[in-house]
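Trainee: I am new to this structure. Could you take me through how to read its features?

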Amino acid sequence: MLQFLRRAVLAASIFMAVILTAWVGLSVGRFMSEGWWLAVLIALPLGIAAIDLLTGIVHWACDRFGEASTPVLGPLLIRAFREHHVDPRQMVEHDWIETNGEPCFFSALALLALAFVAPSVQSGFVAALVTIVWTMAAVGCWANQVHKWAHMSPAPRWARLLQHAGLALRPNAHACHHQSAHDSGYCISTGWMNPLLDRLGIWSWLERSLRRTP
(Lines give C-alpha, C1' and ligand atoms only; values in the text may rest on other atoms or scores of the structure.)
Protein backbone atom coordinates (compact mmCIF):
# COMPACT_ATOMS: atom_id res chain seq x y z
CA MET A 1 0.00 0.00 0.00
CA LEU A 2 2.80 2.44 0.91
CA GLN A 3 4.56 1.67 -2.36
CA PHE A 4 1.35 2.36 -4.27
CA LEU A 5 0.87 5.69 -2.49
CA ARG A 6 4.47 6.64 -3.18
CA ARG A 7 4.07 5.90 -6.88
CA ALA A 8 0.83 7.88 -6.95
CA VAL A 9 2.52 10.91 -5.38
CA LEU A 10 5.45 10.68 -7.80
CA ALA A 11 3.13 10.39 -10.81
CA ALA A 12 1.04 13.32 -9.61
CA SER A 13 4.23 15.34 -9.09
CA ILE A 14 5.26 14.82 -12.71
CA PHE A 15 1.81 15.83 -13.94
CA MET A 16 1.69 18.93 -11.74
CA ALA A 17 5.24 19.95 -12.68
CA VAL A 18 4.38 19.86 -16.38
CA ILE A 19 1.13 21.82 -15.91
CA LEU A 20 2.72 24.42 -13.63
CA THR A 21 5.73 24.84 -15.93
CA ALA A 22 3.35 25.73 -18.75
CA TRP A 23 1.20 27.95 -16.52
CA VAL A 24 4.08 30.03 -15.17
CA GLY A 25 5.59 30.02 -18.66
CA LEU A 26 2.61 32.12 -19.78
CA SER A 27 3.74 34.83 -17.37
CA VAL A 28 7.30 34.59 -18.69
CA GLY A 29 5.84 35.11 -22.16
CA ARG A 30 4.02 38.18 -20.81
CA PHE A 31 7.31 39.54 -19.50
CA MET A 32 8.68 39.37 -23.03
CA SER A 33 5.66 41.07 -24.56
CA GLU A 34 5.71 43.88 -21.97
CA GLY A 35 9.24 44.90 -22.89
CA TRP A 36 11.31 42.93 -20.39
CA TRP A 37 12.67 40.66 -23.10
CA LEU A 38 16.31 41.47 -22.30
CA ALA A 39 15.80 40.58 -18.62
CA VAL A 40 14.23 37.27 -19.66
CA LEU A 41 16.95 36.45 -22.19
CA ILE A 42 19.64 37.05 -19.56
CA ALA A 43 17.72 35.14 -16.90
CA LEU A 44 17.22 31.97 -18.96
CA PRO A 45 20.89 30.87 -19.18
CA LEU A 46 21.45 32.05 -15.60
CA GLY A 47 18.64 29.76 -14.48
CA ILE A 48 20.08 26.82 -16.41
CA ALA A 49 23.51 27.40 -14.89
CA ALA A 50 21.99 27.82 -11.42
CA ILE A 51 20.10 24.52 -11.50
CA ASP A 52 23.20 22.75 -12.78
CA LEU A 53 25.09 24.18 -9.81
CA LEU A 54 22.30 23.18 -7.41
CA THR A 55 22.31 19.58 -8.66
CA GLY A 56 26.06 19.58 -8.10
CA ILE A 57 25.72 20.83 -4.53
CA VAL A 58 23.09 18.22 -3.67
CA HIS A 59 25.08 15.47 -5.38
CA TRP A 60 28.32 16.47 -3.66
CA ALA A 61 26.70 16.73 -0.23
CA CYS A 62 25.04 13.32 -0.56
CA ASP A 63 28.26 11.70 -1.79
CA ARG A 64 30.57 13.15 0.83
CA PHE A 65 28.48 13.48 4.00
CA GLY A 66 26.07 11.29 5.93
CA GLU A 67 25.11 7.67 5.40
CA ALA A 68 22.22 5.74 3.91
CA SER A 69 20.94 5.36 7.48
CA THR A 70 20.92 9.14 8.12
CA PRO A 71 17.38 10.14 9.21
CA VAL A 72 15.20 11.52 6.39
CA LEU A 73 17.99 12.43 3.96
CA GLY A 74 19.49 8.94 4.02
CA PRO A 75 16.59 7.05 2.46
CA LEU A 76 15.39 10.08 0.50
CA LEU A 77 18.65 11.07 -1.24
CA ILE A 78 21.92 9.64 0.08
CA ARG A 79 21.18 5.95 -0.47
CA ALA A 80 20.38 6.44 -4.16
CA PHE A 81 23.60 8.35 -4.85
CA ARG A 82 25.76 5.81 -2.98
CA GLU A 83 24.13 2.83 -4.70
CA HIS A 84 24.61 4.60 -8.02
CA HIS A 85 28.38 4.47 -7.46
CA VAL A 86 28.25 0.70 -6.97
CA ASP A 87 26.14 0.08 -10.07
CA PRO A 88 26.02 3.20 -12.28
CA ARG A 89 23.80 1.59 -14.91
CA GLN A 90 21.11 0.48 -12.47
CA MET A 91 19.25 3.73 -12.96
CA VAL A 92 18.83 2.90 -16.65
CA GLU A 93 16.34 0.24 -15.55
CA HIS A 94 14.15 2.75 -13.68
CA ASP A 95 10.88 3.66 -15.37
CA TRP A 96 9.69 7.19 -16.13
CA ILE A 97 7.92 7.71 -12.79
CA GLU A 98 10.74 6.33 -10.66
CA THR A 99 13.32 8.39 -12.54
CA ASN A 100 11.54 11.73 -12.57
CA GLY A 101 9.02 11.73 -9.73
CA GLU A 102 11.19 13.07 -6.91
CA PRO A 103 12.80 15.97 -8.83
CA CYS A 104 9.36 16.90 -10.16
CA PHE A 105 7.95 16.88 -6.62
CA PHE A 106 10.40 19.55 -5.45
CA SER A 107 10.17 21.51 -8.69
CA ALA A 108 6.37 21.50 -8.49
CA LEU A 109 6.55 23.13 -5.05
CA ALA A 110 8.70 25.95 -6.43
CA LEU A 111 6.46 26.32 -9.48
CA LEU A 112 3.36 26.44 -7.30
CA ALA A 113 4.82 29.40 -5.40
CA LEU A 114 5.69 31.11 -8.70
CA ALA A 115 2.15 30.56 -9.98
CA PHE A 116 0.93 32.95 -7.27
CA VAL A 117 3.72 35.48 -7.70
CA ALA A 118 4.30 35.68 -11.46
CA PRO A 119 0.94 37.15 -12.61
CA SER A 120 1.40 40.25 -10.42
CA VAL A 121 5.00 41.07 -11.42
CA GLN A 122 5.38 44.72 -12.38
CA SER A 123 9.14 45.24 -12.78
CA GLY A 124 11.86 43.93 -15.03
CA PHE A 125 14.09 43.01 -12.09
CA VAL A 126 11.43 40.84 -10.46
CA ALA A 127 10.56 39.40 -13.87
CA ALA A 128 14.20 38.32 -14.21
CA LEU A 129 14.16 36.69 -10.75
CA VAL A 130 10.93 34.84 -11.52
CA THR A 131 12.36 33.69 -14.84
CA ILE A 132 15.51 32.38 -13.17
CA VAL A 133 13.52 30.35 -10.63
CA TRP A 134 11.09 29.17 -13.32
CA THR A 135 13.97 28.01 -15.49
CA MET A 136 15.62 26.25 -12.55
CA ALA A 137 12.40 24.42 -11.72
CA ALA A 138 11.52 23.61 -15.34
CA VAL A 139 14.98 22.22 -16.10
CA GLY A 140 15.44 20.67 -12.67
CA CYS A 141 12.35 18.50 -13.16
CA TRP A 142 14.32 16.40 -15.60
CA ALA A 143 17.77 16.34 -13.98
CA ASN A 144 17.50 12.62 -13.21
CA GLN A 145 16.32 11.90 -16.75
CA VAL A 146 19.29 13.78 -18.19
CA HIS A 147 21.59 11.90 -15.80
CA LYS A 148 20.00 8.64 -16.92
CA TRP A 149 20.61 9.49 -20.58
CA ALA A 150 24.30 9.98 -19.76
CA HIS A 151 24.40 6.30 -18.73
CA MET A 152 22.35 4.90 -21.61
CA SER A 153 24.09 3.25 -24.53
CA PRO A 154 22.76 4.49 -26.79
CA ALA A 155 20.53 7.27 -25.48
CA PRO A 156 17.46 8.18 -27.56
CA ARG A 157 18.32 10.09 -30.72
CA TRP A 158 16.79 13.38 -29.56
CA ALA A 159 18.58 13.04 -26.21
CA ARG A 160 21.87 12.68 -28.10
CA LEU A 161 21.03 15.84 -30.03
CA LEU A 162 20.59 17.71 -26.75
CA GLN A 163 23.89 16.29 -25.50
CA HIS A 164 25.75 17.32 -28.62
CA ALA A 165 24.21 20.81 -28.37
CA GLY A 166 25.47 21.14 -24.80
CA LEU A 167 21.93 21.30 -23.38
CA ALA A 168 22.13 17.95 -21.58
CA LEU A 169 24.89 16.23 -19.63
CA ARG A 170 27.28 14.46 -21.99
CA PRO A 171 28.35 10.87 -21.20
CA ASN A 172 32.06 11.57 -21.65
CA ALA A 173 31.81 14.66 -19.42
CA HIS A 174 30.08 12.64 -16.69
CA ALA A 175 32.42 9.64 -16.88
CA CYS A 176 35.02 11.36 -14.69
CA HIS A 177 32.63 11.22 -11.75
CA HIS A 178 32.58 7.43 -11.83
CA GLN A 179 36.30 7.07 -11.37
CA SER A 180 37.31 5.62 -8.02
CA ALA A 181 37.39 8.84 -5.99
CA HIS A 182 33.98 10.16 -7.18
CA ASP A 183 35.27 13.66 -6.43
CA SER A 184 34.52 15.60 -9.61
CA GLY A 185 31.79 16.09 -12.20
CA TYR A 186 29.01 16.48 -9.64
CA CYS A 187 26.68 18.67 -11.70
CA ILE A 188 24.22 16.43 -13.54
CA SER A 189 21.81 18.70 -15.41
CA THR A 190 23.67 20.29 -18.31
CA GLY A 191 27.16 19.84 -16.87
CA TRP A 192 27.93 23.47 -17.74
CA MET A 193 29.41 24.18 -14.33
CA ASN A 194 31.63 21.11 -14.00
CA PRO A 195 34.74 22.38 -15.86
CA LEU A 196 34.90 25.58 -13.82
CA LEU A 197 34.13 23.99 -10.43
CA ASP A 198 36.51 21.08 -10.98
CA ARG A 199 39.32 23.29 -12.27
CA LEU A 200 39.03 25.59 -9.25
CA GLY A 201 38.88 22.66 -6.83
CA ILE A 202 35.72 24.06 -5.24
CA TRP A 203 34.40 20.70 -4.01
CA SER A 204 37.58 19.64 -2.23
CA TRP A 205 37.94 23.14 -0.74
CA LEU A 206 34.37 23.04 0.55
CA GLU A 207 34.84 19.60 2.05
CA ARG A 208 38.05 20.56 3.81
CA SER A 209 36.44 23.72 5.14
CA LEU A 210 33.35 21.96 6.47
CA ARG A 211 35.27 19.09 8.05
CA ARG A 212 37.47 21.61 9.89
CA THR A 213 34.39 23.27 11.37
CA PRO A 214 34.11 22.44 15.13
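**Reading contacts, pockets, rings and cysteines**

Mentor: Start with one residue. Setting aside neighbours within four places in sequence, Leu76 is in contact with Glu102 and Phe106. Keep in mind that this is a predicted model.

Trainee: In which helix does Leu76 lie?

Mentor: Leu76 is part of helix α2.

Trainee: How do I read exposure? Is Leu76 buried, partly exposed or exposed?

Mentor: Look at the relative accessible area. Buried means under 20%, and exposed means over 50%. Leu76 has 32%, so Leu76 is partly exposed.

Trainee: How far apart are Leu76 and Pro88 in sequence and in space?

Mentor: The two are 12 residues apart in sequence. In space, their C-alpha atoms are 18 Å apart.

Trainee: Let us try a loop. Where is Ser184?

Mentor: Ser184 sits in the loop between α7 (171–174) and α8 (194–200). Its relative accessible area is 15%, so Ser184 counts as buried.

Trainee: Which residues does Ser184 touch?

Mentor: Leave out residues up to four places away in sequence. Ser184 then touches Cys176, His177 and Asp198.

Trainee: Now pockets. What is the volume of the largest pocket?

Mentor: The largest pocket has about 1,000 Å³. Its lining counts 33 residues, and those closest to the centre are Leu77, Phe81, Glu102, Pro103 and Asn144.

Trainee: Which helices supply the lining of the largest pocket?

Mentor: At least two residues come from each of α1 (2–64), α2 (73–86), α3 (96–117), α4 (124–140) and α5 (143–151). The most come from α2, with 8 residues.

Trainee: How does the lining of the largest pocket divide by class?

Mentor: That lining has 17 nonpolar, 10 polar and 6 charged residues.

Trainee: What of the second largest pocket?

Mentor: The second largest pocket holds about 270 Å³ of space. Of its 15 lining residues, Val139, Trp142, Val146, Leu162 and Leu167 are the closest to the centre. Two or more lining residues come from each of α4, α5 and α6 (157–164). Here α5 gives the most, with 3 residues. By class, the lining has 12 nonpolar, 3 polar and no charged residues.

Trainee: On to the rings. How do I read an aromatic pair?

Mentor: A pair of aromatic rings is described by the distance of the centres and the angle of the planes. The whole structure has 7 aromatic pairs. One of them joins Trp60 and Phe65, with centres 5.4 Å apart and 80° between the planes.

Trainee: Why does the Trp60 and Phe65 pair count as edge-to-face?

Mentor: Planes over 60 degrees apart count as edge-to-face. The angle here is 80°, so the Trp60 and Phe65 pair is edge-to-face.

Trainee: Are these two rings buried or exposed?

Mentor: Trp60 is buried, at 6% relative accessible area. Phe65 is partly exposed, at 24%.

Trainee: Which residues form a cluster with Trp60 and Phe65?

Mentor: Tyr186 and Trp203 join them in one aromatic cluster.

Trainee: Last topic. How many disulfides does the structure hold?

Mentor: The structure holds 0 disulfides. A disulfide needs two cysteine sulfur atoms within 2.5 Å.

Trainee: Why does Cys62 form no bond?

Mentor: Check the distance to the closest cysteine sulfur. For Cys62 that sulfur is in Cys187, 13 Å away, so it is too far for a bond. Cys62 is buried, with 6% relative accessibility.

Trainee: And what about Cys187?

Mentor: The closest cysteine sulfur to that of Cys187 is in Cys176, 10 Å away, again too far for a bond. Cys187 is buried too, with a relative accessible area of 0%.

Notes. Residues are numbered from 1 along each chain as its sequence is written. This is a predicted model: local features need pLDDT of at least 70, side-chain atom pairs count only at pLDDT 80 or more; totals for chains, interfaces and linings use all residues. Side-chain values use heavy atoms; hydrogens and water are left out. On a 1 Å grid over the protein atoms alone, a cavity is a set of points where a 1.4 Å probe fits but cannot get out, and a pocket is an open set with protein on both sides within 12 Å along at least five of seven lines; lining residues have an atom within 4 Å of a point. Grid points are joined across faces, edges and corners, and a volume is the space filled by probe spheres set on the points. Helices (H or I, at least four residues) and strands (E, at least two) are DSSP runs, numbered from the N terminus. Ala, Val, Leu, Ile, Met, Phe, Trp, Tyr, Cys and Pro count as nonpolar, Asp, Glu, Lys and Arg as charged, and the others, Gly among them, as polar. Buried means under 20% relative accessible area, exposed over 50%, partly exposed in between (1.4 Å probe, protein chains only). Contact means heavy atoms within 4.5 Å. Rings of Phe, Tyr and Trp (its six-membered ring) pair if their centres lie within 6.5 Å; planes under 30 degrees apart count as stacked, over 60 as edge-to-face and the rest as tilted.
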